Amino acid sequence: MEKISRTKIVDLLKRTDFGAKVNVKGWVRTRRGSKQVSFVALNDGSTINNVQVVVDLANFDEEMLKLITTGACISVNGTMVESQGSGQKAEIQANEIEILGACDNTYPLQKKGHSLEFLREIAHLRPRTNTFGAVLRIRHHMAMAIHRFFHDKGFFYFHSPIITASDCEGAGQMFQVTTMNLYDLKKDEEGSIKYDDDFFGKQASLTVSGQLEGELAATALGAIYTFGPTFRAENSNTPRHLAEFWMIEPEVAFNDIIDNMNLAEEFIKYCVQWALDNCIDDIKFLNDMFDKGLIERLESVLKEDFVRLPYTEGVAILEKAVADGHKFEFPVFWGADLASEHERYLVETHFKRPVILTDYPKEIKAFYMKQNEDGKTVRAMDVLFPKIGEIIGGSERESDYNKLVTRIEEMEIPMKDMWWYLDTRKFGTCPHSGFGLGFERLLLFVTGMANIRDVIPFPRTPNNAEF
Ligand code: 4AD
Ligand code: MG
C-alpha cells in the first residue's frame, strides 16, 4: 500500500480540497450497498461523525472484501470527493484498502441500539459506540475547561495526596490501604489491630477529598485548585454516587462565602459555555438520542442568576410544599439533611433555576466550616442543579483556632491526626473558602446522561470493580 500520512476524520470532514489523495484509518461502523459498490461508514473516534468510504468492488480482492465487517479496523488510501448525499461534505473513493484487524461476528456491537445497562457489561468496548465516544470526548473537553478557567485566573494546580491518614469529611467512608496480611492480623491486648508494622506505620486510607491539604496550599500560594480522584466507601447504589470519582477543589485565601459563591457560579457557567462552544456535535447527538431538553437546559443555566437562599428558608419552602399536598419519600424538617428529591424540588419546581443553599445546621456538615453567630448554623454552601441535585459542596472555613478545636472535640475527631491542619490556624491564620465540584456530576449535567456510571470510563460502585 502506498504510504500516505493519515488524516483524522474530524479534520478530513472540514476539508474542501476535493481530488486530494488521503489516508484514513478507523473502525467499520456499517457496510451496505449492492453487488457493484459498498458504502462503508468509518469512524476513528476523533469525531462522532463517520466518513463514507465508497468501494468499487470490481477493483478489489474478494477475500479482502469479505473482511470489511462491522468492527473491523481498516486503512484506506483514496481520493477525497464531494459527497452526493446529504450527510457530510466529503467522502472517500477508495483506491487501496488494508485490513489492519479483522472482526468476526462475535463482536457484541454488531447492531445499533444496545441498552445502556448492556453496554455497562461491556465497558471495555463501549467507547466504540456513538454515545460513549461523545461522552468521553466531552469528558476530555471539560477537564481542559477546568484547567483553563483556573489557570487564567491565576490559580495554581496543587496535587493533594491520594493516600492519607485523615478523614476530611469525617463520615467514616474511607477505603483502607494496607500491606498487612489480612489472614494474620497483629492485635494488641484489647484486640485492636496494631498498625505499627503496616506500610505507613499507621492506619492509612484513600482520600475522600483533597481539601485539608488544599487549605495548606491556599494559605501559602493564595489560590489553588486540586483535580484528582477521590474515593468513598458509601454503600449508596444511586444514579449519582460512585465509589471512585474525580473532584475539583478550589481553595482561596481571603475569600468569604459570597466570593466563594461567585466563584462557583462563574466556574460552572464557564464549563457549560465551553461545552457548548467545543462539543456541540456530541451534545446535539446526546440531545437527540437521550434527552431532548439538554441543549435548552444548558443554555438556560447560562442565562439565569443562581438563586441564593439560606437552608432555613429552603426548608420552609419544602414544608409548605408538603402542607400543600406534595409527597416526598423522605421527611423534611429543620435539621434534616436534604435528599436529592428535596433539592430538585427547589430547583426544578419552585425556582426553576439553579439554587445555592447556604447556612446549613452545623450537625449535618463537616467540622471545618465557619460557625455563624447564631451558634446553630455554619457558612456552608451547596450548589443545586436541575436533574442532579447537589453538584457542588463548599464553605467558608473556620479560621479561628479555638473555635475549630472546640468543634473537633465536639465531633470526637482524633486530634493527633489533625495537628498539621491546625497549624494553619496557629501560624498566620486567615479567612478562606473553597468548594468541591464532583466532575462526574458536572458531566451528568453537560451530557444529559441519567446514570453516573455512564459518564466515567470504568465505574466503581458497590459490588462492581470489573475492567
Ligand atoms: O459535598 P462534598 O462531600 O464536599 C467535600 O468533599 C468538600 N471537601 C469539598 C470542599 O469544600 N473542598 O463533595 C463535593 C462534591 C459533591 O457536591 C458532589 O458533586 C461530589 O463531590 N460527590 C460525589 N460524586 C460522585 N459520587 C460520590 N459518591 C460523591 N460524593 C460527593
Ligand atoms: Mg456535600
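How many residues does helix H6 have, and what distance does H6 reach from its first C-alpha to its last? In this predicted model, helix H6 comprises 22 residues, running from 257 to 278, and reaches 31 Å between its first C-alpha and its last, which is close to the 32 Å expected at 1.5 Å a residue. The N-terminal end of H6 is capped by aspartate 256, a side-chain oxygen of which lies 3.0 Å from the backbone nitrogen of isoleucine 258.

Ligand 1 occupies the space of the largest pocket, and 25 residues surround ligand 1, of which Glu169, Gln211, Arg232, Glu249 and Glu390 come nearest. By residue class, the shell around ligand 1 divides into nine nonpolar, eight polar and eight charged residues. Among the secondary-structure elements that supply at least two residues each to this shell are strand S11 (244–253), strand S15 (389–396) and strand S16 (432–438), and S15 gives the most, with five residues.

Several polar contacts to ligand 1 can be described at the level of individual atoms. A nitrogen atom of ligand 1 lies 2.6 Å from a polar side-chain atom of glutamate 169, whereas an oxygen atom of ligand 1 is 2.8 Å from a side-chain N or O atom of arginine 232. The backbone also takes part, in that an N or O atom of the main chain of isoleucine 391 lies 2.8 Å from an oxygen atom of ligand 1. Taken alone, ligand 1 exposes 630 Å², and the protein buries 94% of that area.

Terms used: Residues numbered from 1 in each chain as written. Chains lettered and ligands numbered in written order. Predicted model: local features only at pLDDT ≥ 70, side-chain atom pairs only at ≥ 80, totals over all residues. Heavy atoms only, no water. Helix = DSSP H or I, 4+ residues; strand = E, 2+ residues; numbered from the N terminus. Expected span 1.5 Å × (residues − 1). Polar contact = N/O pair within 3.5 Å; in protein donor to acceptor, adjacent residues only side chain to side chain. Near = heavy atom within 4 Å. Areas by Shrake-Rupley, 256 points an atom, 1.4 Å probe, with all protein chains shown as cover. 1 Å grid on protein atoms, 1.4 Å probe; cavity = no way out; pocket = protein on both sides within 12 Å on 5 of 7 lines; lining within 4 Å. Sits in = over half its atoms within 2 Å of the grid points. Nonpolar A, V, L, I, M, F, W, Y, C, P; charged D, E, K, R; others polar.
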